[in-house]
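Colleague: Got a minute to walk me through this one? I'd like to hear about some helix packing.

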Amino acid sequence: MLSESLFCLLTEDLLTKILERVDSDRKSLRLVCKEFLRVESTTRRTIRILRIEFLLGLLQKYCNIEELDLSVCPRINDRVVSILLSQESVSWTRGIRTLVLSRATGLGYVGLEMLVKACPLLEVVDVSHCWGYGDREASALSCAVRLREVNMDKCLGVSDIGLAKIAVGCCRLERLSLKWCLEISDLGIELLCKKCLELKFLDVSYLKVTSESLRSIASLLKLEVFIMVGCDFVDDVGLRFLEKGCPLLKAIDVSRCNCVSPSGLLSLISGHEDLEQIGAGYCLSELSASFINGLKNLKRLSILRIDGVRVSDYILHIIGSSCKSLVELGLSKCIGVTNMGIIRVVSGCSNLKTLDLTCCRFITDAAISTISYSCPNLVCLKLESCDMVTEIGLYQLGSRCLLLEELDLTDCSGVNDIALKYLSRCSKLVRLKLGLCTNISDIGLAHIACNCTKLTELDLYRCVRIGDDGLAALATGCKKLTILNLSYCNRMTDTGLKCLSNLSELSDLEMRRLSNITSIGIKAVAVGCKKLAHLDIKHCEKIDDLGFWALAFYSQNLQQINMSNCNVSDHALCLLMGNLKRLQDAKLVYLTNVTIQGLELALRSCCGRIKKVKLQRSLRFSISSEILETFHAKGCKIRWD
């Protein structure tokens, strides 16, 4: 009563400001008092639905919702949408401005059109990875005349006809992503550019378009970001069309465009001195001096990614002396990177926050030392396969780069426990990758766990000297861990997994081929880690039916599971697949104790909910064709291994 009476004295504005400062766990805050419950109900703007049967109740409770996310709701389909919209009151749709339907493969054009028409204020739609979507679904989207943003990545059936429908019906479009829409050609892009003159963002990555499309795109006077990764039929002629077009262009990405050359890219940047971002990874064999000199005119250039290109110390020196505004530099897998080159580039680019040196194998502690001195504001550093880096370099890094949040040391054999001790001074670390660092042990991991309490992602893939003591340290110090990879760490036992069960925020756990893990350990994880959504237990052969029963009953938030090569029986598999109502992706390869009849029954139990299934190729003609056809009709994609 005391707390309730105190909060009664606060105005609604003050209560709202308190709620706005809460980063997570607003559910707990709602339980504090009636005032918080009331204010949270009226101020909430977004909602993510996991179970469709709760949708109406939640939307009646939260009456001011503007963003509705149905991407993890496995049972959303045309019939369900029809029932929801046939209720006496459908006022909940009137305020919806954003619909997230990514991977909603069960929803067809009929339900999509009903949903779109019921939301008169709709401005943003995400139907990415709805691989079965085609022109009819695109036509349904075109009914939303106020649309400003559409994401159609990997809608494999959409052709020029569907794109034309959207272009004509949604002329206010400002952002459009068409990545992997392989049926779209120059014709569709031409019509889009004629009708949607407000476009500011366009992604045509991996489309089979030619330079003719770039002629059309050059007419977009408001375009600011253009992404065309993997467009193999676009060449320098197309880039020269852009040279005098798109006057407001700020970002261009031509990565993996094999027909683009430095001279073509130079012509583009010479016409756009306000460019801020350039992506040219894995498309240029080498950088010419003329191209690098052309960067001197880009005073606002902040992001440069030239992954996979051949460079020299001289080229890196020019970048360092010319591109003073760089905050991100990508040199992943670049040939010719040396200590001297890195020293020269970072000495000039002191504002760097992100530096990618993946597979730059010849850099040593000398380069790392200069990086730490020159770039104290570094936030992200990627050093995968830089195995000449040792504790000496990481000592400098831990002493000076105290803002570091992401560090990738995968396959760095020079990293040991002493290095992790020095590195633990970077207390703001959020993501740390130590996969294949075979010289670290529980001692080094304990240093990280003690000081890096903000860690949310940790990769220990094949760190064979890490065992239960390391997991105990993690469970004590890193309570915010959400993603953890323990695959092939064979010293771990059920004792370690019992420690992990204290990580209540854990959502992604990968633990392939842990030969000492049994059902006792997996049950502890299932009971303690209620937010577990992605689980990989491939080749964990000592987990039997008891472990899978535990997952079936306690891991109700599981969306993805890889249980290939596991010792599960027909009964346990059917129970698991039937009970996990939110499961969207299952890998069921080489289940030697499962019969065809048991597998078919398990598939039937999840049909209509699941979106992806991976099965053994040899079973392709053994499984009932009726089941396979039903899965396809329900929008589920079957992959054969």
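Modeller: Sure, here is a chat about two helix pairs.
Modeller: This is a predicted model, where local features need pLDDT of at least 70, side-chain atom pairs count only at pLDDT 80 or more, and totals for chains, interfaces and linings use all residues. Residues are numbered from 1 along each chain as its sequence is written, and side-chain values use heavy atoms, with hydrogens and water left out.

Colleague: OK, how do the axes of H9 and H10 cross?
Modeller: At roughly 0 degrees, and they come within 9 Å. H9 is residues 160-169 and H10 is residues 186-195. Axes are lines fitted to C-alpha atoms, for helices over the stretch in contact, with angles from 0 to 180 degrees between N-to-C directions. So H9 is roughly parallel to H10 (that label is for angles under 35 degrees). Helices here are DSSP runs (H or I, at least four residues), numbered from the N terminus.

Colleague: Which residues of H9 meet H10?
Modeller: Asp-160, Leu-163, Ala-164, Ala-167 and Val-168. Their partners in H10 include Leu-187 and Lys-195. Contact means heavy atoms within 4.5 Å.

Colleague: Switching over, what about H23 and H24?
Modeller: The axes of H23 (residues 519-528) and H24 (residues 545-554) come within 8 Å and cross at roughly 5 degrees. That makes H23 roughly parallel to H24.

Colleague: And which residues make the contact?
Modeller: From H23, Ser-519, Ile-522, Lys-523, Ala-526 and Val-527. H24 brings Leu-546, Gly-547, Ala-550, Leu-551 and Tyr-554.

Conventions:
Helices (H or I, at least four residues) and strands (E, at least two) are DSSP runs, numbered from the N terminus. Angles under 35 degrees count as roughly parallel, over 145 as roughly antiparallel, 65 to 115 as roughly perpendicular and the rest as oblique.
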